[in-house]
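Here are a few exercises to work through with the model open beside you. Try each task before you read its solution.

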Amino acid sequence: MTISSDLASHTADTSLGTDPALEPVAGRSPTQLAMARFRKDKLSMAAFVVVAVYLLLGILAPFGVKFGILDPFSFHSSAKYLDIESGSIPKGFMGGISWSHPLGLEPGTGRDVASRLVYGVTFSLTIALSATIVAVSIGTVLGIVSGFVGGYVDAAIGRLTDLTLSFPQTLMLLALSGLAVAMIVQAGVPAGNVAQALFVILVLGLFGWPPIARIVRGQVLSIREREFIEAAKLMGAPRRRMYFKEVLPNLWAPLLVYFTLTMPAYISAEAALAYLQVSVKPPTPTLGNILTDSISYSSADFFFFFTPAFLIAVIVVSFNLVGDGLRDALDPRGAR
Amino acid sequence: MVNPRKPLAAVAAAAVALTLAGCGGGSSTSNNASTKGSKGGTLYYLTFRPAEHLDPQRMYIGRDLADMGRMVYRSLVSFPVTKNADEALKPVPDLATDTGTSKNGGRQWSFTLRDGVKWQDGKAITCADLKYGMSRSFATDVITGGPNYILGFLDVPHAKSGLPLYDGPYKNDHAADFDKAVTCKGNTITYRFNKPFPDLPLAIASLRSFDPYRKDQDQGDKSNFAVFSDGPYKLQGKWDTNKGGTFVRNPNWSQSSDPVRKPLPDQIQFVQGLTNEVINDRLISDSGNDQAAVTDRVVPPAFYSRINGAVADRATQTDSPFVYYLLPNFNQMKNLKVRQALMMATDSQGWRNAEGGSKAAKPAKSIVNPSLVGYQPNPAFTAPQTGDAAAAKKLLQASGEAMPYPIKFTYNGGTPTSDKAAAALAAGWKKAGFKVTLDPLSDTYYDVIQKPSNDSDVIWGGWGADWPSIATVIPPLFDSRINLTSASNGQDYGNYRSDTVNKLIDKAAAQGTVQAQGKVYAQIDAQLGKDVAYIPLEVTQFYYLRGSKVTGYNLSPATNGYPDLGAAGVTK
């Protein structure tokens, strides 16, 4: 399911935390209620555990590399490990699986696939998470302003949203990558993978905000008519307070859902960009880099092809399930 | 000379070159195709890269030079159709009655045209056609992209810019100079050079730029894809620059006038624009017309495991004309000990394994391809193929430089394979105390590395000789006088400059025989090794599949390691 359709329901719903159906359960906040509902949903909980494991791996991997537990860069390319006569495919069961290399070796180099994948999760999640934060932040601010102020400002932001949506994003990414990365480097960012990663984050983020802005605007349109906003207005609250202290706290539920649904989209996007040579460059592993390399080995070393694809599929599905589960939990009228 | 991964059109003609020259007999994994084929049928040639020129004076890609030489363009002398690697690079008479007579220490050459050789319209090939063909190379404003050695060799006056005053048949300024240097007497043509050209027959047999051209067929740049044949085939209709074209029998060619070619198929069809994966997938499945297909696209390493059983009988491996190597940048890495440490730490085995192992690349002991006349392994490269990190570290420590020593390695990247191969080298260098930054470039590669201000420390390079003589390897790559200018370093990407080597290059050029030249070149190569002017990585391999109905299949040094169309046929 696409993200915008997921969220279409939110455009319609109003006060999430004050649903009268929740009143009878006394002594529990709406958040606690939502959490309870989420915990009851076994599939979402399982997906949540998977996501937590990925996040943990992503956080711990750099330390694993530092302390030598993970070794994503050492070569085992001698004839002992690779079949030099037959395209440097790893020797042994399923692409060289052994106790020291539980997911086998990379064809051509003999680098440890498990280490590279775990370390790749770090880079992929960092890129996807940063891009999601950029997109959600921009979308939220523009959405609130657009919905709250209305009038010309609303119209202007609305057209900006349309314009951004109609931009050929992938084409821009490819055509501008060299130029844009050079500009990022000129702005003082270290050349190489830092600049490359920043470029990917910015492009995903700067093109990813329109759907969020629309959702948020829809929410704000209803929130701004509520009594507490009226009260704040009467008391002369400054604009910034209205936006971020009065409106924003009422948006966290849809934003959280949106966040968990945008993450997997960007993880897949990173993989696609790696295939198009615009992501972080090898030998730094990202899930996309590894997947790109593995495609040509689909028949020669199936397991090597299968593992990164499987890993990406699992993480994308898990994030989506968590997102769906959260939406169901936070908005019981939505899906059930 | 060649940069195998370099788009030729992007390069100044003076700096360019494409391949030629052979490969010492590679190991044929199998060669079951019968040598005796029957006449008839259609042979298919599946390939990727569209031909940029079919004009004999403008062609410079090894594949095209070889294919067109066998099908449509005959030369005074040619390399024979043979499976004997020792014979393959000895020119035999083709349009000429013999392999030429030289006078004056290789400064003057004469060839006499054979009787009965005709163009595709039935008119006889004349000495004037040969002379006209060569004159076209001098029109450097029209006839671009082709080899330009003749501009430096032919004994005509030169302007200060280094170009001859004679500017080709279109403008025809200073035509008298050319008429003096190239003369016709009956059917005998005589060339006069300003220095010894003992390897002229090798050059004629390898390139197509010495071939005859009929003046009334010449439309300058418009003739780029025109084929006016004097060989056993002629182009049917027009060449499609995207898709290719079909060659059919030329009725005005006769076997009795041609001692070289044994044309078997009635048609040879070229199909351009297919990727390695598509071509090799089709050749593995071997169905329909693909059973009668050959290709110049190597089997991708990921496909090697599918080459077994009956498919393996249709796979052949041979040395390509290319050698890949590293160039330390002498503007950056001035300390000899550091360069020695780099050489000692280079894990060329890891590089080759990442490229796909022994079917993709073999160890190289020199920048000179083993098939060239006068080849000798370079005595300087004593490090083990996997590198010796401990010995390298000692050298680096002895250099007096701070460690870790930072280096930037610039290579032609952009594919998972090239990135893995570069990472293999980086891993070896790191162990020896270098701090490596990988710098993969793609489209801009040659623009960047040819800038004298380029700050890369180590640069990847690849080269194939224009004809099987070291004179087309070492001088174009390491003669600082022809390469280094304020705007570009030519082919001397490492900015290497040595008076000793330059003097020896002059000495080699003054020798009257290819063998004598070879001896001097071996001396130069040893000096280059001592200076660590380059580090050899691999002799690139050609590993090709063919269809099951192809006969007389031969990957020969005579055709730059590509399938020899002079002998191939198809069974019904």
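Before you start: this is a predicted model, where local features need pLDDT of at least 70, side-chain atom pairs count only at pLDDT 80 or more, and totals for chains, interfaces and linings use all residues. Residues are numbered from 1 along each chain as its sequence is written, while chains are lettered from A and ligands numbered from 1 in the order in which they are written.

**Exercise 1.** Work out how helix 10 and helix 12 of chain B cross.

Solution. Start with the handedness: the crossing of helix 10 and helix 12 of chain B is right-handed (the near helix is turned clockwise from the far one by less than a right angle; anticlockwise would be left-handed). Helices here are DSSP runs of H or I with at least four residues, strands are runs of E with at least two, and both are numbered from the N terminus. Next, get the geometry: the axes of helix 10 (residues 348-355) and helix 12 (residues 416-431) of chain B come within 8 Å and cross at roughly 160 degrees. Axes are lines fitted to C-alpha atoms over the stretch in contact, with angles from 0 to 180 degrees between N-to-C directions. The two chain B helices, 10 and 12, are therefore roughly antiparallel (over 145 degrees; under 35 is roughly parallel, 65 to 115 roughly perpendicular, the rest oblique).

Now list who meets whom. From helix 10 of chain B come B:Gly350, B:Trp351, B:Ala354 and B:Glu355, and their partners in helix 12 of chain B include B:Thr417, B:Lys420 and B:Ala421 (contact means C-beta atoms, placed from the backbone, within 7 Å).

**Exercise 2.** Which residues does the cis peptide bond join, and where is B:Pro404 found?

Solution. The cis bond links B:Met403 to B:Pro404, with omega about 0 degrees. B:Pro404 sits in the loop between helix 11 (389-398) and strand 14 (405-412) of chain B.

**Exercise 3.** Place B:Asn172 and B:Asp286 and decide: buried or exposed, or in between?

Solution. Take B:Asn172 to begin with: its phi is positive, about 60 degrees, although it is not a glycine. B:Asn172 lies between helix 5 (168-171) and helix 6 (175-181) of chain B, in the loop. B:Asn172 has 13 C-beta neighbours inside 10 Å, so it counts as partly exposed (buried takes 20 or more other C-beta atoms within 10 Å, exposed 12 or fewer, partly exposed is in between; C-beta atoms are placed from the backbone).

Then B:Asp286: phi is near 50 degrees, again positive. B:Asp286 belongs to the loop between helix 8 (276-285) and strand 11 (293-295) of chain B. With 17 C-beta neighbours inside 10 Å, B:Asp286 is partly exposed.

Key. Contact = placed C-beta atoms within 7 Å.
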